[in-house]
Structures are given as structure tokens and as C-alpha cells.
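This report covers an annotated domain, a loop residue and a pair of strands. The sequence and structure are shown first.

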Amino acid sequence: MNYLLLYSSTDGQTKKIILKMAEQLRTLGGQCDIRDLNNDKNFNLSSYSKVIVGASIRYGHFNKALMNFTKTHQKQLNTLSSAFFGVNLTARKAGKDSAETNVYVRKFLEKTPWQPSIVGVFAGALFYPRYGWFDKKMIQLIMKMTDGETDTTKEVEYTDWNKVASFTQQFFDFKG
């Protein structure tokens with residue numbers, strides 16, 4: 001099978017997740033084409049068996065490229081077996097890591113004309129030392145308000161890789 005794996009990543013964690021999914025799909029016999037939604041604009045979805053789209057949240061919003069893509073390709077997306085996953089730090093908390101309980105993913109699904117077959121939510125990563133001054137302070141403030149890590153010397157990866165592997169297997173097995 002030929003899969004298209006699209007991502008929109010701010011600090012690289014969503015890309016890292018997509019690459020891990022591609023690795024797993026390849027071991028299962030799939031061929032993967034990996035593309036960045038922020039850079040690639042021309043997609044011929046008809047040459048793929050299935051599509052996964054992953055996107056990260058920054059300051060409460062997905063990148064506009066995500067909604068633009070889903071609106072432009074809604075007919076094709078809705079006829080393919082497709083999956084969507086959102087990556088955000090809110091998902092680090094129990095009960096905030098599903099499509100029903102994660103406010104960002106829930107709002108996106110309500111607004112998009114695309115109805116993915118499978119939806120997932122993964123916790124991202126916190127890379128304080130890599131952020132500029134403004135982002136570091138803003139993210140630190142948000143983390144303080146949500147009882148998260150505020151030590152700006154730390155990098156913390158919250159992604160549950162077993163959950164990512166299960167999602168990928170579910171996508172691979174889906175016959176929709």
C-alpha cells in the first residue's frame with residue numbers, strides 16, 4: 001500500500017511522530033510519502049491508498065495550512081481511508097488526550113469539512129532551551145497556569161510512543 005503522511009510541525013515533535021509512524025508502516029510493508037503541509041502545496045491524493053495528517057498546536061491554534069488543506073481536498077479526503085492526529089501539551093494530562101476530551105482537536109473536527117476515519121491526540125514536547133525569549137516566557141506562563149514544567153533549562157518529551165504505535169497499527173489495519 002502507498003501512504004501519504006502529512007504534517008504541520010512547529011518545533012519538530014509532530015514531524016518526529018510522523019517519521020516514527022512511517023518507520024512502523026514500512027516494517028508492515030507499506031510505502032510512505034512524507035510531506036510538510038507548510039511547504040508543499042500540490043497534492044495528488046488519488047495516488048495514495050490512505051492518508052495520515054498530523055498537526056501541532058501553538059498558542060491554542062493549528063497552523064492555517066491545515067484547514068486550507070482540508071478545505072481544498074475535502075472530497076478526496078472523505079473518500080479515502082484517512083487519519084488525523086493533533087499534538088499538544090494539554091494532552092500530557094490524563095483525560096485530555098482523546099478526540100472527545102481535547103478541546104483543540106474537538107474544535108478542529110467541528111470546523112473542518114473532512115471527516116477522518118481515525119482520530120488521535122498525542123502529547124507533544126517542551127523544548128525550553130530551543131525557544132526564543134518571547135516563546136519561552138509565554139510557554140512558561142501557560143505551563144505555570146496549567147501546573148506544568150516551568151524550569152526553562154529543561155526539555156521534556158511527553159509523547160507516549162506506545163500510543164503512537166497503537167494508532168499507527170489501527171490506521172494500518174483499517175479497511176474503511
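The sections below describe a predicted model.

## Annotated domain

UniProt, in an unreviewed entry, lists residues 4-152 as "domain: Flavodoxin". Over residues 4-152, helix accounts for 35% of the chain and strand for 26%. The C-alpha atoms at the two ends of this range are 36 Å apart.

## Ser46 and its surroundings

Ser46 lies in the loop between β2 (31-36) and β3 (50-58). The relative accessible area of Ser46 is 56%, so this residue counts as exposed, the cut-off being over 50%.

The side chain of Ser46 makes a polar contact of 2.5 Å with the side chain of Asn44. Ser46 and Gln76 are 30 residues apart along the chain, and 7.4 Å separates their C-alpha atoms.

## Strands β5 and β6

Strand β5 (residues 81-88) runs parallel to β6, and six bridges join the two. Within this pairing, Val87 of the chain stands opposite Phe122 in β6. Between the two strands the chain passes through helix α4 (residues 103-111), giving a β-α-β crossover that is right-handed.

How many of the six residues of strand β6 are buried? Strand β6 spans residues 118-123, and five of its six residues are buried, so the strand is largely enclosed by the rest of the structure. Buried here means a relative accessible area under 20%. In a regular strand, side chains alternate between the two faces of the sheet.

Terms used: Residues numbered from 1 in each chain as written. Predicted model: local features only at pLDDT ≥ 70, side-chain atom pairs only at ≥ 80, totals over all residues. Heavy atoms only, no water. UniProt positions renumbered as here; feature names shortened; annotations may be inferred. Helix = DSSP H or I, 4+ residues; strand = E, 2+ residues; numbered from the N terminus. Buried < 20%, exposed > 50% of the residue type's maximum accessible area, 1.4 Å probe, protein only. Polar contact = N/O pair within 3.5 Å; in protein donor to acceptor, adjacent residues only side chain to side chain. Pairing = 2+ DSSP bridges. Right-handed = clockwise from strand over helix to strand, strands pointing away.
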